[in-house]
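Here is a small set of exercises to work through with the model open beside you. Try each task before reading its solution.

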Amino acid sequence: MFYIKPDFYDKFKCIAEKCTDNCCIGWEIDIDENALEKYNAIEGGFGEELKKKIITSDDGNKCFMLCENERCALLNENNLCKLIINCGEDYLCDICREHPRFYEWFAGFTECGLGLCCEEACRLLLENEKPFSLLQESDGEEILSETKEEVAESDTYIFISAFRESLFAILFDEKKTFEEKLVKILSKTESFCNEKCKVRDYEKSLAFYKKTEPINDEWVTFIGALSDNHKEALQSEIEFDKIKENNMLYSKILAYILYRHLSKAVFDGSIKERVEFSVEAVRFIRLCDIKTFSEKGYLTLTDRINNLKNWSKQIEYSEENTDLMIYGEC
């Protein structure tokens with residue numbers, strides 16, 4: 001089995017109470033059966049407290065209770081997890097232990113990554129001095145494809161990942177502007193798929209983003225203001241493009257979105273649609289940055305992280321929203 005991961009993947013460590021956007025707030029966390037068995041065996045005062053804070057969700061799964069402002073009931077006043085404090089990290093349920101890591105499994109290959117809903121994952125991506133690159137490791141076990149379907153899946157994965165690498169090469173060509181890179185990527189995809197690519201302009205793109213199921217009220221306010229004022233914000237685009245690091249930063253963001261989403265075309269053949277989705281996504285993220293820049297006159301790393309993180313939370317962490325942006329008509 002081969003494992004694919006970003007070159008900064010192993011550097012990730014949760015920053016806990018230092019995080020400005022706690023992943024223990026606003027999410028209903030399902031508890032896996034192994035963790036639930038551990039929790040039921042915990043005795044004493046904390047064991048009793050823990051059991052009272054585990055409820056059954058509407059879909060029948062056991063989960064942690066959410067309190068005021070949708071805070072996990074096990075989150076203390078310092079934004080630290082009482083379960084870790086009392087029992088250690090070994091007692092975390094699967095979701096809490098793995099977040100923000102994600103995995104995609106193919107015959108003979110597993111892709112690993114860090115979700116950009118996490119500000120520390122965003123920071124690692126954006127602050128990495130090198131262009132985005134992938135590492136491949138093997139667990140030493142021989143890949144045995146037992147069926148024709150597994151052989152086909154493995155071959156298709158290799159085919160698509162090679163195409164993805166060719167897109168990465170375009171993105172990190174220092175001689176091209178970012179807009180030139182987007183044109184080249186779409187052109188290469190058209191040749192690869194023998195089909196015309198279509199990427200929504202800002203007006204249509206924002207209309208689609210407004211159709212997505214909102215993750216919170218803040219998103220509704222944000223997307224409404226962006227839709228209403230994006231033309232005014234774009235008046236600052238020429239000045240914004242003078243920021244030297246923009247080319248590399250948006251190249252890395254697009255490469256990462258392609259990494260997370262393009263390989264899934266193994267299962268449905270949606271190569272063109274996923275490239276279109278990725279290009280539209282990075283244009284949206286860039287527009288958010290332009291709007292911030294137009295309002296403040298400058299753009300900090302924190303501003304970039306917030307815009308990238310909010311896009312990921314709204315789109316990538318909702319299958320419904322992701323499917324709308326990928327498969328919805330232009």
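**Exercise 1. Cysteines**

How far is the sulfur of cysteine 112 from the closest cysteine sulfur, and in which residue does that sulfur lie?

*Solution.* Keep in mind that this is a predicted model.

Step 1. Start from the sulfur of cysteine 112: the closest cysteine sulfur is that of cysteine 118, 16 Å away.

Step 2. Compare this with the cut-off, under which a disulfide needs two cysteine sulfur atoms within 2.5 Å. The 16 Å between cysteine 112 and cysteine 118 is therefore too far for a bond.

Step 3. Repeat the search for cysteine 288: the nearest cysteine sulfur belongs to cysteine 122, 13 Å away, and cysteine 288 is in no disulfide.

Step 4. Take the structure as a whole: it holds zero disulfides.

Step 5. Add the burial of these two residues. Cysteine 112 has a relative accessibility of 7% and counts as buried, and cysteine 288, with a relative accessible area of 2%, is buried too.

**Exercise 2. Strand 5 and its partners**

Find out which strands pair with strand 5 and how its side chains are arranged.

*Solution.*

Step 1. Look at strand 1 (residues 2-6): three bridges link this strand to strand 5 in the parallel sense. One pair to pick out is phenylalanine 2 with its bridge partner, phenylalanine 109.

Step 2. Turn to strand 4 (residues 101-106), which runs antiparallel to strand 5 and is joined to it by six bridges. Here tryptophan 105 stands opposite threonine 110, and phenylalanine 102 stands opposite glycine 113.

Step 3. Inspect the connection. Two residues lie between strand 4 and strand 5 in a hairpin, and glycine 108 in the turn has a positive phi of about 90 degrees.

Step 4. Sort the side chains of strand 5. Phe109, Glu111 and Gly113 point one way, Thr110, Cys112 and Leu114 point the other way, and all are buried.

Step 5. Draw the conclusion: six of the six residues of strand 5 (residues 109-114) are buried, so this strand is largely enclosed by the rest of the structure.

Step 6. Set strand 4 beside that result. Phe102, Glu104 and Phe106 point to one face and are buried, while Arg101, Tyr103 and Trp105 point to the other face and are not.

Step 7. Return to strand 1 for its pairing with strand 6, which is antiparallel and has five bridges. In that pairing, isoleucine 4 has glutamine 136 as its bridge partner.

**Exercise 3. The nonpolar cores**

Which residues of the largest nonpolar core touch the most other members?

*Solution.*

Step 1. Recall the general trend: nonpolar side chains tend to be buried together in soluble globular proteins.

Step 2. Rank the 72 residues of the largest core by how many other members they touch: Phe132, Tyr209, Ile253, Val275, Phe284 and Trp311 come out at the top.

Step 3. Ask which element supplies the largest share of this core: helix 13 (residues 271-296) does, with 12 residues.

Step 4. Zoom in on phenylalanine 132. Beyond residues up to four places away in sequence, its contacts include Pro6, Phe8, Leu125, Phe168 and Tyr259.

Step 5. Look for a further core: a second, separate one has 15 residues, among them Ala35, Leu36, Ile42 and Ile54.

**Exercise 4. A loop residue**

Is asparagine 128 buried or exposed?

*Solution.*

Step 1. Locate asparagine 128 in the loop between helix 5 (119-127) and strand 6 (134-138).

Step 2. Apply the cut-off for burial, which is under 20% relative accessible area. Asparagine 128 has 13% relative accessibility and so counts as buried.

Step 3. List the contacts of asparagine 128 outside four places in sequence: Asp7, Phe8, Arg123 and Lys252.

**Exercise 5. The whole chain**

How does the radius of gyration of the chain relate to the globule rule?

*Solution.*

Step 1. Take stock of the elements: the chain has 15 helices and six strands.

Step 2. Compare the radius of gyration, 21 Å, with the 20 Å from the globule rule for 330 residues; the two are close, so the chain is as compact as a globular protein of that length.

Step 3. Check burial: 46% of the 330 residues count as buried.

Terms used. Residues numbered from 1 in each chain as written. Predicted model: local features only at pLDDT ≥ 70, side-chain atom pairs only at ≥ 80, totals over all residues. Heavy atoms only, no water. Core = buried A, V, L, I, M, F, W, Y, C linked by side-chain atoms within 4.5 Å. Buried < 20%, exposed > 50% of the residue type's maximum accessible area, 1.4 Å probe, protein only. Helix = DSSP H or I, 4+ residues; strand = E, 2+ residues; numbered from the N terminus. Contact = heavy atoms within 4.5 Å. Pairing = 2+ DSSP bridges. Rg over C-alpha atoms; globule rule 2.2 N^0.38 Å.
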